[in-house]
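Please look over the sequence and the model before reading on, and keep both in view. The paragraphs that follow go from one residue to its surroundings and then to the chain as a whole.

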Amino acid sequence: MNRIFPRTLLVGLLAFGTTVSVSAQESNASLTAKDVVLSSGQEGGGYWSAAKRLQSVASKRADLAVEVLPSAGSLENMEKILDDASPVNLAFSQADAAQSFLDNHPGQIEKLDLLESIGQECVFIVTSSDSEIRNEKDLRAATDLRLGISSATSGVAVTFDYMKSEIPDMGDISVVYGDTLQAMKDINAPDATVDAVMMVHRPRAHSPEVEYALANSDQYRFVELNDEMFLQSMWNGSKIYRTMNLAMPEPSEPVKTLCMRGVLLANKQKLTIEQRNKLSDLMLYHWMEIYPTQ
């Protein structure tokens with residue numbers, strides 16, 4: 001696994017305590033081990049599963065109790081971890097969602113430590129095999145493209161909004177929210193509601209839409225994406241999007257697309273020094289039990 005931070009820097013960040021404000025120190029003094037609260041994702045999803053593994057390993061290896069809360073996704077997690085009134089002090093997020101939230105809430109980054117990577121999240125855009133949309137240049141040039149996305153509150157919507165902020169030409173694309181699988185099945189019909197659908201998920205966790213496209217490869221095509229136009233980096237200097245060629249089941253061709261890291265964040269102002277030290281040990285010595293290298 002590619003580490004986001006060198007280990008020595010990680011220890012230094014998690015041990016950080018001398019610059020926490022007096023008010024934060026006073027509130028931390030009342031916290032106990034049971035007050036480590038992780039905002040994850042939808043129950044049964046990838047973030048939820050990783051959170052439950054972290055909860056188990058933290059209890060066994062570090063004598064640290066972690067409460068896991070479900071959520072609607074990355075943006076809700078960012079809101080909760082940075083809300084002083086919320087008990088959430090650990091959160092999962094897509095890298096683009098985290099950076100987007102921080103861009104819109106200046107001054108909040110000082111509260112956060114970026115602890116670990118929780119693997120890749122990748123963009124899948126599927127269109128008809130007859131479509132003229134073949135790559136991101138075509139997406140930029142399109143003036144009447146209708147893009148299906150499952151929900152306005154989904155991580156997919158966050159990613160698309162962030163992509164538009166990097167490439168304003170994509171602002172001409174109209175987003176249609178709803179059942180993307182059904183919209184994709186109807187994409188070649190005269191009354192089709194979309195011209196393409198977009199999903200974001202782990203490379204190997206094929207969504208129903210991706211599975212359907214693969215099973216009907218004569219009717220659908222994956223739009224090729226690369227990171228040449230996406231130049232912004234996260235606050236730690238690492239690129240948000242990277243081009244990846246994702247292997248697909250034979251006889252399908254690899255899919256060239258954009259991927260980003262999922263990240264585990266901590267609000268150091270909501271954690272005691274003891275809790276931060278225990279989290280440091282988890283990251284250093286037991287992370288592979290929580291999130292094995294894929």
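Where in the chain is the place of Arg202? In this predicted model, Arg202 sits in the loop that runs between strand E7 (196-201) and helix H9 (208-215). Although Arg202 belongs to a loop, its relative accessible area is 13%, which means that it counts as buried, the limit for that word being under 20%. Two polar partners can be named for its side chain: a polar atom of the Arg202 side chain lies 3.0 Å from the backbone oxygen of Ile118, and the side chain of Tyr291 makes a polar contact with the side chain of Arg202 at 3.2 Å.

Pro203 is found in that loop between E7 and H9 as well, and with a relative accessibility of 15% Pro203 also counts as buried. Leaving aside neighbours within four places in sequence, Pro203 is in contact with Gln120, Cys122, Phe124 and Leu246. Of these partners, Leu246 is 43 residues away from Pro203 in sequence, yet the two C-alpha atoms are 6.9 Å apart in space.

Cys122, one of the contacts of Pro203, leads on to the disulfide. The count of disulfides comes to one, and it is formed by Cys122 and Cys259, whose sulfur atoms are 2.0 Å apart. The link is right-handed, with 105° about the S-S bond. Because Cys122 lies in strand E4 and Cys259 in strand E10, the pair ties together parts of the chain that are 137 residues apart in sequence. Both ends of the link are covered: Cys122 is buried with a relative accessible area of 0%, and Cys259 is buried with 2%.

The nonpolar interior comes next. In soluble globular proteins, nonpolar side chains tend to be buried together. Here the largest nonpolar core has 41 residues, and among its members Ile125, Leu139 and Met198 touch the most others. At least two residues of this core come from each of helix H4 (74-82), helix H5 (95-104), strand E4 (112-128), strand E5 (146-149), helix H7 (155-166), E7 and strand E10 (255-267), and H7 gives the most, with five residues. Beyond its sequence neighbours up to four places away, Ile125 touches a set of residues that includes Leu139, Leu147, Val197, Met198, Phe222 and Val223, and also Arg221. A second, separate core of 26 residues includes Val66, Ile118, Met283 and Tyr291; of these, Ile118 offers its backbone oxygen to the polar pair with the side chain of Arg202, and Tyr291 makes its polar contact with that side chain.

Met283, another member of the second core, is among the buried residues of helix H10, together with Gln275, Arg276, Lys278, Leu279, Ser280 and Leu282. An α-helix has 3.6 residues a turn, so residues three or four places apart point the same way. The dimensions of H10 can be checked as well: at 1.5 Å a residue, the 13 residues from 273 to 285 should span 18 Å, and the end C-alpha atoms are 18 Å apart, which agrees.

Two further loops deserve attention. Ser129 is found in the loop between E4 and helix H6 (136-141), and at 24% relative accessibility it counts as partly exposed. Apart from neighbours within four places in sequence, Ser129 is in contact with Asp218, Gln219, Tyr220 and Arg221. One of these, Gln219, is 90 residues from Ser129 along the chain, while their C-alpha atoms are separated by 5.1 Å; another, Asp218, has its backbone oxygen 3.0 Å from a polar atom of the Ser129 side chain.

The other loop, between helix H3 (46-62) and strand E2 (66-69), holds Asp63, which counts as exposed at 60% relative accessibility. Most residues other than glycine have a negative phi. The phi of Asp63, by contrast, is near 50°, a positive value in a residue other than glycine.

Finally, the chain can be taken as a whole. Its secondary structure comes to 11 helices and 10 strands, and 50% of its 294 residues count as buried. Among contacts between residues at least 6 apart in sequence, 77% join residues at least 24 apart, and the pair of Pro203 and Leu246, 43 residues apart, has already given an example of such a separation. The chain exposes about 13400 Å², of which carbon and sulfur atoms supply 49%.

Key:
Residues numbered from 1 in each chain as written. Predicted model: local features only at pLDDT ≥ 70, side-chain atom pairs only at ≥ 80, totals over all residues. Heavy atoms only, no water. Helix = DSSP H or I, 4+ residues; strand = E, 2+ residues; numbered from the N terminus. Expected span 1.5 Å × (residues − 1). Buried < 20%, exposed > 50% of the residue type's maximum accessible area, 1.4 Å probe, protein only. Polar contact = N/O pair within 3.5 Å; in protein donor to acceptor, adjacent residues only side chain to side chain. Core = buried A, V, L, I, M, F, W, Y, C linked by side-chain atoms within 4.5 Å. Contact = heavy atoms within 4.5 Å. Areas by Shrake-Rupley, 256 points an atom, 1.4 Å probe, with all protein chains shown as cover. Disulfide = S-S within 2.5 Å.
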